[in-house]
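Could you walk me through this assembly in the viewer, one selection at a time? I would like to know what to click on next and what I will find there.

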Amino acid sequence: MKTTISKEELQGSIAAVRSLSPLVHNITNYVAMNNSANALLAIGASPVMAHWRDEMEEMTSIAGALVINIGTLDEQWIEGMKAAGQAASRRGTPIVIDPVGAGATSQRTATALELIALTHPTIIRGNGSEIMALVNADIKSKGVDSSASSHDALSAAESLAKSTGAVVVISGEVDYITDGTTTHTVEGGNPIMTAVTGMGCTATAIVGAFAAANKNPLVAATAAMAVMSLAGERAAAYAKGSGSMQVAFLDELYNLTPENI
Amino acid sequence: MKTTISKEELQGSIAAVRSLSPLVHNITNYVAMNNSANALLAIGASPVMAHWRDEMEEMTSIAGALVINIGTLDEQWIEGMKAAGQAASRRGTPIVIDPVGAGATSQRTATALELIALTHPTIIRGNGSEIMALVNADIKSKGVDSSASSHDALSAAESLAKSTGAVVVISGEVDYITDGTTTHTVEGGNPIMTAVTGMGCTATAIVGAFAAANKNPLVAATAAMAVMSLAGERAAAYAKGSGSMQVAFLDELYNLTPENI
Amino acid sequence: MKTTISKEELQGSIAAVRSLSPLVHNITNYVAMNNSANALLAIGASPVMAHWRDEMEEMTSIAGALVINIGTLDEQWIEGMKAAGQAASRRGTPIVIDPVGAGATSQRTATALELIALTHPTIIRGNGSEIMALVNADIKSKGVDSSASSHDALSAAESLAKSTGAVVVISGEVDYITDGTTTHTVEGGNPIMTAVTGMGCTATAIVGAFAAANKNPLVAATAAMAVMSLAGERAAAYAKGSGSMQVAFLDELYNLTPENI
């Protein structure tokens, strides 16, 4: 794994998550809920999954970060996302939005844009197609997988960062993390990660934990992506297929410390 | 694993899925979503899970197959299933229906029958009790597990195939795949597969991928069941229990190619 | 693992679950559904996950126990929980309630208390904070993780048992199982279990299976917690992290018999 943040920034970010154990409130999709919760526990954070509109105000008030992921969307969940997003925004709690499948349907693109406008997220994380679709409504995705490389989406990410004030993360062979002016990169990971469902959603959840523990969202998001990449390449070294990859990835995340990166 | 389709048909079907990587749109239950998505990725397809009525028209328009599984049902999801099913039916997109728990409650039996009448599915896959319950409303299931052998359900399957025009798949110790006239079988797998939740739902998802990549639904469904059986028996050879079975099954699916069957 | 029930009671309880294979109807959260279903299959029970209000009467009528877990709550699910709980209560079917996150939001505490009042559960299982929050509304939890030790909650558990007539289980380093007068304990397990999401929810599901197979809820609940503890410590002996722990735990549950405890 290679990244443009310093080793000290990465170590400090991991240490902060492990010592603060931030409560990360996730409104995420059904597919990735279990993986995301396990990944958050493995890196030392405390996950809570909750989407009921009526409890969003209270749940958000005890959380260190809010993660909104639109992977399996419907009206009722959008209500919960809006209520939580507005409450978190009012409190200044870091918000991370994952626009899963933006570009696959116009409803997803519109919902992602509406949530961004309403909540002013700290960080937006998606794959190349998703980030491009948020900037140019003509971009189409094939479902939830990217049809663009992360590099193709870089100028869209910079423009999205400037227009929203959010740090924008594009996952891919190379991850780009930009505030519109400064851009960090993370290289590494392993292609087998794309054969494990919810890996992108897990990245978003981990970004939430790091944003809760580090006041600099550009460094926090980069450190989170570096951790994903590192755990991914360590796990891929001995995984025998996509099933054992999922298991090994959690083990490596669990065993990752500031000292052994 | 033993099957009545030819080795060439099986190899061709696997190769088609791996080369086309069809987008499979799943409206499936909460329990099996993660497994199904991982299994689709492992065999080379591209899964998307989406149920929101408003995006069904668009999501279906980009999908190579639609899989509807009624495992964890409610009114809102039924709306999404109907909208997606009708849109896919209009476009001629292959539809696979899994009547989970038909026979356990009359609401499930009625919903499955309504979806079949409305969408004209290409393939229906269930266990013995479920298939029998679709033909004879007096048949009762014990929850979502079968209380009948697959062979007991064969004449019901043939009759269901004739009345609906769908290929009907009965999973069990022997799998039967019938269009009402021609019946294929798959023998193999391992009893430990029944101790892993969502294995039947995963089979349905894989059937969807094969139906998207092969215009002959009888061969497609048989090839899909053969792949399940083969990955299952390879995994069972070294699994230490139901937990490692789930992991090994995905690994074996991931490593399965036309060459190594 | 050390417990205050006799070895014969523990063996008899395990044997009863394995021979009766009770159908356990779960209305549980999205995060833990897959784990809970797999754990129920591993111990020999038959899980069904269903929450649709319209089918609750029929589904409950075929179930040996009903498990209600409020982990990912909303209005629609509360409707299903109430319908199922009232139907099960009317029939005398054992009901187990898991008040996930009681104390984290007032809506969760209120919902848990309302369900308890309405359904008269046989068993209530939670962590220290959750049990304390049900007795004293001023107790606050940090999300779904406990901020109190199980021992701190013991007097609250005894009082809750007396006021509701339910057996109350507090999970923690030591598990306490009390009917308000007699209190059993289970010691063992391993701290890595807290790094696997849904482990508490899984315990609740297993308690449901044991309550379906054993008419004495105090012994049933204690035996279930002993089984969790035993499988947990066996798995922890060779797990390499939280990912392989989840897998190994299911394997150990699958391989657990009255003979090898």
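Why do the copies, chain C and chain A, meet through different surfaces? Just 12% of the interface residues of chain C are also interface residues in chain A, so the two copies use different surfaces where they meet. Keep in mind on this tour that the model is predicted.

**Stop 1: the contact between chains C and A.** Select both sides of this contact: 25 residues belong to chain C and 29 residues to chain A. On the chain C side, colour helix H5 (106-119) and helix H10 (242-255), which each supply at least two residues. H10(C) gives the largest share of that side, four residues. Now colour the chain C side by residue class, and you will find eight nonpolar, 12 polar and five charged residues.

**Stop 2: the rotation axis.** Next, superpose chain C on chain A: a turn of 120° with a shift of 0.0 Å along the axis lays one on the other, with an RMSD of 0.0 Å. Try chain B as the target too, where chain C again fits with an RMSD of 0.0 Å after a turn of 120° and a shift of 0.0 Å along the axis. That is how a three-fold axis relates its copies. To find the axis from within chain C, pick Tyr30(C), whose C-alpha is the nearest to it at 3.7 Å. While chain B is on screen, compare interfaces: only 10% of the interface residues of chain C are also interface residues in chain B, so these copies meet through different surfaces as well.

**Stop 3: the sheet of chain C.** Hide the other chains and show the strands of chain C. Nine of them make an open sheet with mixed pairing, and you can trace it in the order E1-E9-E8-E7-E6-E5-E4-E2-E3. At the edges are strand E1 (2-3) and strand E3 (46-49) of chain C; each has a single partner strand, so one side of each has no neighbour in the sheet. Zoom in on strand E8 (residues 174-178) and strand E9 (residues 183-187) of chain C, an antiparallel pair joined by five bridges. Click on Tyr176(C) there, and its bridge partner in E9(C) is Thr185(C).

**Stop 4: helices across the sheet.** Add helix H7 (residues 154-164) of chain C, which lies across strand E6 (123-127), strand E7 (167-171) and E8 of chain C and runs at about 160° to E7(C). Finish with helix H8 (residues 199-213) of chain C. H8 of chain C lies across strand E2 (23-27), strand E4 (65-69), strand E5 (95-98), E6 and E7 of chain C, at about 160° to E4(C).

Technical notes. Residues numbered from 1 in each chain as written. Chains lettered and ligands numbered in written order. Predicted model: local features only at pLDDT ≥ 70, side-chain atom pairs only at ≥ 80, totals over all residues. Contact = placed C-beta atoms within 7 Å. Nonpolar A, V, L, I, M, F, W, Y, C, P; charged D, E, K, R; others polar. Pairing = 2+ DSSP bridges. Axes fitted to C-alpha atoms, helices over the stretch in contact; angles between N-to-C directions. Least-squares fit on C-alpha atoms with pLDDT ≥ 70 in both.
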